Amino acid sequence: MKIKNYINGKLVDPQSGKHLDIINPATGKVYGTIPDSDARDVALATEAAKAAFPEWSKTSAAERSRIMLKVSDLIGENLDRFALAESTDNGKPVWLAKSVDIPRARDNFAFYATAILHESSETHSMGEVGFNYTLRQPIGVAGCISPWNLPLYLFTWKIAPALASGNTVVAKPSEITPATAFLLSELCIEAGMPAGVLNIVHGLGQKVGAAISEHPDIPMISFTGGTQTGATIARVAAPMFKKLSLELGGKNPNIIFADCDFDDMLKTTVRSSFANQGQICLCGSRIFVERPIYEKFKNAFVERVSAMKVGAPTDEKTKVGAVVSEPHMEKVLSYVRLAKEEGGTVLCGGERVILDGEFKDGFYISPTIIEGLDYNCRTNQEEIFGPVVTITPFDTEEEVLMMANSTKYGLAATMWTSNLKRAHRMANNLHMGIVWINCWLLRDLRTPFGGVKESGVGREGGFEALNFFTEPKNVCVKL
Ligand code: NDP
């Protein structure tokens, strides 16, 4: 696969003429190349986006909606092809990409394409003296930078609201998982998206991502990725007074009370721990279990998780595919070693899995459960972002709340209980942007999405994203 940049409506090679290899994590083999772009390509993309802005921002909402719905339909029509590409890039099971990633990318476009048809803005009456009305206007060129774990899902989660609200876009997918963004650029051409409205520049974060953050003609940056990278971008963008939306890391608690619906909790906890090889920012990696059911939970959880099939992403029976890259696999395994040094006991998994045949060099890790660690050790405080969870007993609500809130992150929490009052009391006191009660990853695209503390700044989702990508202007009229 030879991936190209999408600049000013055309698929083009980078200015450097150089390319980088992309690796299929399921086989460990190179399967294609991406442009090794740099600031020159970002400058061309920004120029094109700037030139396209006046017309796109004045295009009626109905027309923008029509083009975006066409893109959404085309993603749906190409579901199988996109799912295979996502899996080849990322290592996730094909069935997962087919049921979650690609449908969600399709829905992101449809959601924002239709949301703009129902928008209204506020007025503030001053009685007989006068009134104010608020205009929400697109800003210009939006910079969108996304990570590798849910490649097209998170990429479209940014560019769809940016485009729908009348901005033009310069976007960079992760260099590790560029394939579906490239396929999307082909669909945008087919859907008749005007040249320069969406531009996609492939390449390294330090070159392309940094050039987007620094470009003076890109006044807003929407970023999803690691907390360190978010801090680097903020250091550059803040003194330039750019608008910033940062969706960053997490170390999410999954709190299980003894009065929960045990079967539902167990089934969902297997998923919330290991879906996408644990590489979802919302996965619950710190599992706290009320002491009366700790042993019962531990035995049942270990039994279920030990039975999960680690295998080739193309195999429908595979529950755990490959992690995204060799360095990432090494990072995750180093945390298992750290957990042992910190006194933890590995109850299952914790090792690289070597498959047969063409998959023998792939990056597979068996799903791992660790117990016996202090809540404040490094394993329980730092983001691992892989198929590794810890389990810890607790005795009181106060104790588990303290442990749950103890990390520098505050993205999402899951809680299992049938006590209504306790559920709402806990939800009120958890220092997180998202709380799930008796469920996990039940998503309504209208709701605010994001975290507190070092998990991020700002919110995506629903009108939060449309507000981010527009500037409110108050117009005051004296009667
Ligand atoms: P990174 O921060 O490494 O990368 C994210 C994106 O930023 C990539 O496109 C990357 O490019 C780019 N980038 C890297 N360096 C720079 C730079 N100096 N300036 C601008 N852009 C740069 O994150 P990962 O891709 O490793 O993703 C995993 C992280 O994402 C985890 O911490 C996870 O928690 C977080 N995440 C958060 C979510 C949320 O909603 N809060 C959702 C999903 C993930 P390249 O790939 O080329 O390095």
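These are my notebook entries on a predicted model of one protein chain.

**Ground rules**

I number residues from 1 along each chain as its sequence is written, and my side-chain values use heavy atoms, with hydrogens and water left out. Since the model is predicted, I ask for pLDDT of at least 70 for local features and count side-chain atom pairs only at pLDDT 80 or more, while totals for chains, interfaces and linings use all residues.

**Entry 1: the whole chain**

I started with secondary structure and found 15 helices and 24 strands in the protein chain. These are DSSP runs numbered from the N terminus, with helices being H or I of at least four residues and strands being E of at least two.

Next I looked up the overall dimensions. The C-alpha atoms fill a box of roughly 65 × 65 × 40 Å along the principal axes. For 479 residues, a compact globule would have a radius of gyration near 23 Å, and the protein chain agrees because its own value is 23 Å. I take that radius over C-alpha atoms, and the globule rule is 2.2 Å times the number of residues to the power 0.38.

Then came burial. Of the 479 residues, 58% are buried; buried means under 20% relative accessible area, exposed over 50%, and partly exposed in between, with a 1.4 Å probe and protein chains only. The protein chain exposes about 18900 Å², and carbon and sulfur atoms supply 54% of that. The areas come from the Shrake-Rupley method with a 1.4 Å probe, and for residues only the protein chains shown count as cover.

I also checked contacts, meaning heavy atoms within 4.5 Å. Among those between residues at least 6 apart in sequence, 75% join residues at least 24 apart.

For charge, I noted 50 positive and 54 negative side chains, with the centres of the two sets 2 Å apart. Lys and Arg count as positive, Asp and Glu as negative, and His and the chain ends are not counted. I place each charge at NZ of Lys, CZ of Arg, CG of Asp or CD of Glu.

**Entry 2: cysteines**

How many disulfides are there? The count comes to 0, taking a disulfide as a pair of cysteine sulfur atoms within 2.5 Å. I looked at Cys 377 more carefully: the closest cysteine sulfur is in Cys 348, 18 Å away, so it is too far for a bond. Cys 377 is buried, because its relative accessible area is 10%. Cys 281 also counts as buried, at 15%.

**Entry 3: Ala 45 and Val 169**

Ala 45 is in helix H1, residues 39–58, and is buried at 0% relative accessibility. Beyond its neighbours within four places in sequence, Ala 45 is in contact with Ile 7, Val 170, Asn 199 and Val 201. I also checked Ala 113: it is 68 residues from Ala 45 in sequence, and the two C-alpha atoms are 23 Å apart.

Val 169 sits in strand S8, residues 168–172, and is likewise buried, with a relative accessible area of 0%. Leaving out residues up to four places away, I found that Val 169 touches Ala 49, Ala 142, Cys 144, Ile 159, Ala 162, Leu 163, Val 197, Leu 198 and Asn 199. Lys 207, 38 residues along the chain from Val 169, has its C-alpha atom 18 Å away from that of Val 169.

**Entry 4: Leu 74 and Ser 146**

Leu 74 belongs to helix H2, residues 61–77, and is buried with a relative accessible area of 1%. Not counting residues up to four places away, Leu 74 touches Leu 187, Glu 190 and Ala 191. From Leu 74 to Leu 184 I read 9.1 Å between C-alpha atoms, with their positions 110 residues apart in sequence.

Ser 146 lies in the loop between strand S7 (141–145) and helix H5 (151–164). Is Ser 146 buried or exposed? Ser 146 counts as buried, because its relative accessibility is 6%. Outside its neighbours within four places, the contacts of Ser 146 are Leu 154, Phe 155, Lys 172, Pro 173, Ser 174 and Thr 224.

**Entry 5: positive phi**

Most residues other than glycine have a negative phi. With that in mind, I looked up two residues.

Asn 8 has a positive phi of about 55°. Asn 8 is in the loop between strand S1 (5–7) and strand S2 (10–12), and at 39% relative accessibility it counts as partly exposed.

Lys 453 has a positive phi of about 50°. Lys 453 is placed in strand S22, residues 452–453, and is partly exposed at 34%.
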